[in-house]
Amino acid sequence: MAFTQRHLLGIAPLSVEEIELLLDTADGYVEVNRRSDKKLALLRGLTQINLFFESSTRTRTSFELAGKRLGADVVNMSVATSSIKKGETLIDTAMTLNAMHPDVLVVRHPDSGAVALLARHVRCAVINGGDGSHEHPTQALLDALTIRRRKGRIAGLVVAICGDVLHSRVARSNILLLTRLGARVRLVGPPTLVPGGFRALGVEIFHDLRSGLRGADIVMMLRLQRERMQGSFVPSLREYFALYGLTRRVLEEAAPEALIMHPGPMNRGVEIDGVVADDIHRSAILDQVEMGVAVRMACLDLLTRPLRGEA
Ligand code: CP
C-alpha cells in the first residue's frame, strides 16, 4: 500500500491502513536502531530542517537522529537566535526556508493550527512535531507502537489516559489513533481538566482515578501543562497528587499486567510517583523514547518516497 499523504499534520487525516503502514514500517526500524551500524543511505541528498518554536528534548532529538540515520542532511534551526526574534512572521520564515529547497520541515509551535498554516506556504513535506493543544501525531504513533510490541495488539485493550487532557495534544492524537484501532479509551481527571465534551470523541470519562483505572490494560499519565493554563485548574500540586497521582497503591486497581506510560517530560510527585515510573517490569516510559526514533524514521521514509521515485 502507498502512503499518499503529502504532510503529517495530525492523526485525524490518516486512515487505519495508513496508521498500520506507519507502524509496520517503524517496526522494521527498531531493529536498525539496535545495530552498531545504524546508518542507511535512503535519504541521501535530501535536506530536513527542524524548526522548534517550543522547547523539546525527545521529539527534536529523535527527529534529528532519525534523519541522520536515514542519511539526510539535518539542520536544527535555533528559533532563539533566528530572525523570528527580530519580528519575522511565521509565514515569512516558512517562505524563507522554502526558498532554500528543503525536502522535509519538522515544526513544533505553541499555537494550534500553526503547523498546518505553515504547510500551505511551502513545497516540501511538513511534519507536525506538536502544535498547541491540537495534535502531536508522532507521539501517538510511538505510543501505539510501544503498546503493540508490548501487548501484541491494540484492539480491545482498555487504555486510561489520566491527568491534564484538556491542554494535551498527546491525549488528542492518542484518542484519535487508539479509538480508530479499536481500543476502549477512558479519560480520567478532574472536571476542570477532563470536560464532558470529550465524550463526542467516543471515550468514557471518569473523575475518580480508582474507578478510571479499574481493569485498565494501559495507564497513560499526562503532565499538568501549566504553560498552557490561564487561571487555576487544580487547588494545589499536593492535592492534585493526592487525588490524581499514580502510586503503587492506586495502580492495584488496574489489570495485573497493566503497562505504565508517560509521553514525558514527567513531573515526579505531581502526576506520577517516581517508584512507579521507574518500575522496570511495568513502566514502558523508556520504550516509548526508543520507539520515537523508529516512528520518526518511518515518517521520514514514507513521506519522501515520491521524491525518491518510490510509490
Ligand atoms: N513527549 C514530548 O513531546 O517530549 P518533548 O517535549 O521532550 O519533545
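The following points concern the ligand site and the cysteines of this predicted model.

1. Placement of the ligand. The ligand occupies the space of the largest pocket. Its surroundings are formed by Ser56, Thr57, Arg58, Thr59, Arg108, His136, Gln139, Pro263 and Gly264.

2. Character of the shell. Sorted by class, the residues around the ligand comprise six polar, two charged and one nonpolar. Arg58 and Arg108 belong to this shell, and arginine counts as charged. Pro263 is also part of the shell, and proline counts as nonpolar.

3. Backbone contacts. A polar backbone atom of Arg58 lies 2.9 Å from an oxygen atom of the ligand. On the nitrogen side, a polar backbone atom of Pro263 is 2.9 Å from a ligand nitrogen, and a backbone N or O atom of Gly264 is 3.2 Å from a nitrogen atom of the ligand. The ligand exposes 260 Å² when taken alone, and the protein buries 92% of that area.

4. Disulfides. The model contains zero disulfides. For Cys299, the nearest cysteine sulfur belongs to Cys124 and is 15 Å away, so Cys299 takes part in no disulfide, given that the pair of sulfur atoms would have to be within 2.5 Å.

5. Burial of cysteines. Are Cys162 and Cys299 buried or exposed? Cys162 has a relative accessible area of 1% and is therefore buried, the cut-off being under 20%. Cys299 likewise has a relative accessible area of 1% and is buried.

Technical notes: Residues numbered from 1 in each chain as written. Predicted model: local features only at pLDDT ≥ 70, side-chain atom pairs only at ≥ 80, totals over all residues. Heavy atoms only, no water. Buried < 20%, exposed > 50% of the residue type's maximum accessible area, 1.4 Å probe, protein only. Near = heavy atom within 4 Å. Polar contact = N/O pair within 3.5 Å; in protein donor to acceptor, adjacent residues only side chain to side chain. Areas by Shrake-Rupley, 256 points an atom, 1.4 Å probe, with all protein chains shown as cover. 1 Å grid on protein atoms, 1.4 Å probe; cavity = no way out; pocket = protein on both sides within 12 Å on 5 of 7 lines; lining within 4 Å. Sits in = over half its atoms within 2 Å of the grid points.
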